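Let's walk through a protein structure together, starting with the chain as a whole and then looking at some of its strands. Take a moment to turn the model around before reading on.

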Amino acid sequence: MHFLPLMLAAILAADPLGPGDHTRTLEHGGRTRTYLVHVPPKYDPKQPMPVVLAFHGGGNNADQMVRFCGLNEKADREAFIAVYPSGTGRVERMLTWNGGNCCGYAMRNDVDDVGFTRSLLDDLALVTNVDTKRVFATGISNGGIMCYRLASELSDRIAAIAPVAGTMGAATCNPKRPVSVIHFHGTDDEYLPFEGGTGTRSRTQTEFYSVEHSVTAWVKANGCPETPVATDEPKKTDDGTTVQRKTYGPGKAGAEVVLFVVNGGGHTWPGRDPRVRFLGKSTQNISANDLMWEFFQRHPMKP
């Protein structure tokens, strides 16, 4: 019976966030957890604003993800709040997510990252005006795996997901509602192979699920047609990659599953320069940021 007074006290004690970059800290599961928040210049606290959660890859952290994916620039242009959660680990700059079958410290210690994400969204709502029907998740590698877990286990809070070079970390998915998926993956990914299995450059011995497994599971869960509409994306530059789009849908409540196959692409973020050659080629023929935002706009949470 003390819940409402405590919640009201928390709201009154929280300082609203204005445009700019902020660090938030919360307690969850006996751990102190942090996340970064980028509030765009067009933010109006009187108007609910969409949120995009961006999960870093295994062995990285939130600060590195900000630079890697470039979503702050997209957030400023399109007016959404970009949020970068940090995973857990023994070393501050080498953190992981418990996505199911991967990865590292978070998986071995059964860290409750689904619960952390729920707590994060609750905390964020105390200091910003969140459009709860437009909360989306993206991530690279282990962060992409985490997105799939959230779509399955936190479908009451996550409207749609955009995994990049990350597949499902479980054999099945069980969302409470259709969750649309847009997935980007390179055929030459040596860390998390397109066909599944252990990556030749992977620092774990994880037997990753394949892209086909992930897509098929979500096509079924969302009630989408099993045969996709396949189209080749226009070639904008000769960078050694080509891109094919496979669209499954519409399914239940208009849900879609869209796969971008980056032929010749590595463990990279389409449209961004990874700055390190060992990750493989990063296609410049598409922009993951542009495509996922267009996709997110089409797929808010339905009543």
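One word will come up often: a residue is called buried when its relative accessible area is under 20%. With that in mind, look at strand β9, residues 180-186, where seven of the seven residues are buried. We will return to this strand after a look at the whole chain. Please remember that what you see is a predicted model.

The secondary structure of this chain adds up to eight helices and 12 strands. Its C-alpha atoms fit in a box of roughly 55 × 40 × 35 Å along the principal axes. A compact globule of 303 residues would have a radius of gyration near 19 Å, and the chain agrees with this because its own value is 18 Å. Of the 303 residues, 55% are buried. Contacts tell us about the fold too: among those with a separation of 6 or more, 63% are between residues 24 or more positions apart.

What about the outside? The accessible surface is about 13800 Å², and carbon and sulfur atoms account for 51% of that area. The chain carries 32 positive and 32 negative side chains, and the centres of these two sets are 1 Å apart.

Now let's zoom in on strand β4, residues 81-85. Because five of its five residues are buried, β4 is largely enclosed by the rest of the structure. In a regular strand, side chains alternate between the two faces of the sheet. You can follow the two directions here: I81, V83 and P85 point one way from β4, A82 and Y84 point the other way, and all are buried.

Which strands pair with β4? One is β2, residues 31-39, which pairs with β4 in the antiparallel sense over four bridges. Within this region, H38 has A82 of β4 as its bridge partner. Another is β3, residues 49-55, which runs parallel to β4 and is joined to it by three bridges. There, L53 stands opposite V83 of β4.

Back to β9, which is covered on both faces. S180, I182, F184 and G186 lie on one side, V181, H183 and H185 on the other, and all of them are buried. Strand β8, residues 160-164, runs parallel to β9 and is joined to it by three bridges; V164 stands opposite F184 of β9. Strand β12, residues 257-263, also runs parallel to β9, with six bridges joining the two. Here H183 stands opposite L259 of β12.

Terms used. Residues numbered from 1 in each chain as written. Predicted model: local features only at pLDDT ≥ 70, side-chain atom pairs only at ≥ 80, totals over all residues. Heavy atoms only, no water. Rg over C-alpha atoms; globule rule 2.2 N^0.38 Å. Buried < 20%, exposed > 50% of the residue type's maximum accessible area, 1.4 Å probe, protein only. Contact = heavy atoms within 4.5 Å. Areas by Shrake-Rupley, 256 points an atom, 1.4 Å probe, with all protein chains shown as cover. Lys, Arg positive; Asp, Glu negative; His and termini not counted. Charge placed at Lys NZ, Arg CZ, Asp CG, Glu CD. Pairing = 2+ DSSP bridges.
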